[in-house]
Amino acid sequence: MILKKQVYRPDKKANPVIGVLLFLISVVLLVLTTPFGFLYGLFHGLFTKWFRGMAEYLLKVAISIDQLGNVMMQDLLNQLWVQEGGYKFGNRDETISSALGRNRKLGTLTALGRGIDKFLDTIDPDHSLNSIDYYIEPSEEIRELIAWIHIVDGQILSTKSRGDAFYYLPSGVRVPDESDTRTLYGAMKVKLDVELNLPELRFMGIFEAQADGQKPGILVRMTCYSGNYTGRLVPNRDITEIVWLNYSDRDMVSLVDQYIFDFLNEKGELI
């Protein structure tokens, strides 16, 4: 999987007429220039890195074609491969295989979709699952959160908000044009009245699952960091409880947090 720079900016509203004109211009440029550009890129990769360079270039082209197909065939794929309530194809930053993998995790593939997924598995085991891209642009189907993992003596800090049925890792909603760590720092200052030590924050991973209380196919993507803090933990805003949980408390947390619990338990950090 090729990791892309994370840029989180919502699309601007487009004029339909401009959209049609830009589409026509892009088609003309594609037809006139692509053959020459493709041949040049092919031979450039071959002459600079030999066969490896050519293969790397072809992989980039394949991924781009896959992303284009995810947009162009979104309505057809959503009709044939995905059950009602599944994760939708169509994110311009995502490949077909990535969207296929998300639906495989959710169990929302149709019989045809499962057949396609099994066929890909014969070529590349767990192809769709390994293709899930956690760096794609946010969409209406994905809710972005930045979470703080803090473990003391094998227990993890968790919180519950007013009206929630589950405990959650303390987190904040991603803020456009703001770094993950700065977003997390601000959220913990507001919610728990503590100041995270920014230079010490360590990236732990990105986890994704069906969002609690949302219709099927709406996912929550949680980017996690660990680190120390200064101050005293105090529940603010809508936080009603601050607790320390063990791995045996896994059923008391949200689905995405359960995946995080599993990850930390396998690492031996959460007992």
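Two strands pair if DSSP finds at least two bridges between them, and strands (E, at least two residues) are DSSP runs, as are helices (H or I, at least four residues), numbered from the N terminus. Keep that in mind for the first stop.

This is a predicted model, in which local features need pLDDT of at least 70 and side-chain atom pairs count only at pLDDT 80 or more, while totals for chains, interfaces and linings use all residues. Residues are numbered from 1 along each chain as its sequence is written, and side-chain values use heavy atoms, leaving out hydrogens and water.

**Stop 1: a pair of strands**

Select strand S6 (residues 202–210) together with strand S7 (residues 219–226). S6 and S7 run antiparallel to each other, paired over eight bridges. Click on Gly-205 and look across: opposite stands Cys-224 in S7. Now show the surroundings of S6. Seven of its nine residues are buried (under 20% relative accessible area, with a 1.4 Å probe and protein chains only), so S6 is largely enclosed by the rest of the structure. In a regular strand the side chains alternate between the two faces of the sheet.

**Stop 2: charged pairs**

Side chains of opposite charge can pair when their charged atoms come close. A salt bridge here is a side-chain nitrogen of Lys or Arg within 4 Å of a carboxyl oxygen of Asp or Glu, and by this rule the count comes to 11.

Stay on S6 and pick Glu-208. Which residue does Glu-208 meet in a salt bridge? The partner is Arg-102, at 2.6 Å from N to O. Glu-208 belongs to S6 and Arg-102 to helix H3 (residues 96–106), so the two are distant parts of the chain, 106 residues apart. Glu-208 is buried at 6% relative accessible area, and Arg-102 is buried too, at 1%.

Next, move to S7 and select Arg-221. Its side chain forms a salt bridge with that of Glu-144, 2.0 Å from N to O. Because Glu-144 sits in strand S1 (residues 142–149) and Arg-221 in S7, this pair ties together parts that are 77 residues apart in sequence. Are these two residues buried or exposed? Both Arg-221 and Glu-144 are buried.

For another setting, go to Lys-267 and Glu-269, whose closest N and O atoms are 3.7 Å apart in a salt bridge. Lys-267 is partly exposed (between the 20% limit for buried and the 50% above which a residue is exposed) at 43%, and Glu-269 is partly exposed at 26%.

Finally, select Arg-104, Asp-117, Asp-121 and Asp-126 as a group: salt bridges link them in a network.

**Stop 3: a serine in helix H5**

Select Ser-131, found in helix H5 (residues 127–131). Ser-131 is buried, with 17% relative accessibility. A polar atom of its side chain lies 2.7 Å from the backbone oxygen of His-127. Add Ser-98 to the view: its C-alpha atom is 4.8 Å from that of Ser-131, although the two are 33 residues apart along the chain.

**Stop 4: a nonpolar patch**

Turn on the surface and select Leu-68, Val-71, Met-72, Met-73, Leu-76, Leu-80 and Leu-112, which make a nonpolar surface patch of about 630 Å². Helix H1 (16–72) and helix H2 (74–80) are the elements that give two or more residues to the patch. The largest share, three residues, comes from H1. End on Leu-68, which lies in H1 and is partly exposed at 45% relative accessibility.

Terms used. Patches are made of residues with over 30% relative accessible area and no salt bridge: like charges are joined within 9 Å, nonpolar side chains (Val, Leu, Ile, Met, Phe, Trp, Tyr) within 5 Å. Accessible areas come from the Shrake-Rupley method with a 1.4 Å probe; for residues, only the protein chains shown count as cover. A polar contact is a pair of N or O atoms within 3.5 Å; within protein, one must be able to donate a hydrogen and the other to accept it, and residues adjacent in sequence count only if both atoms are side-chain atoms.
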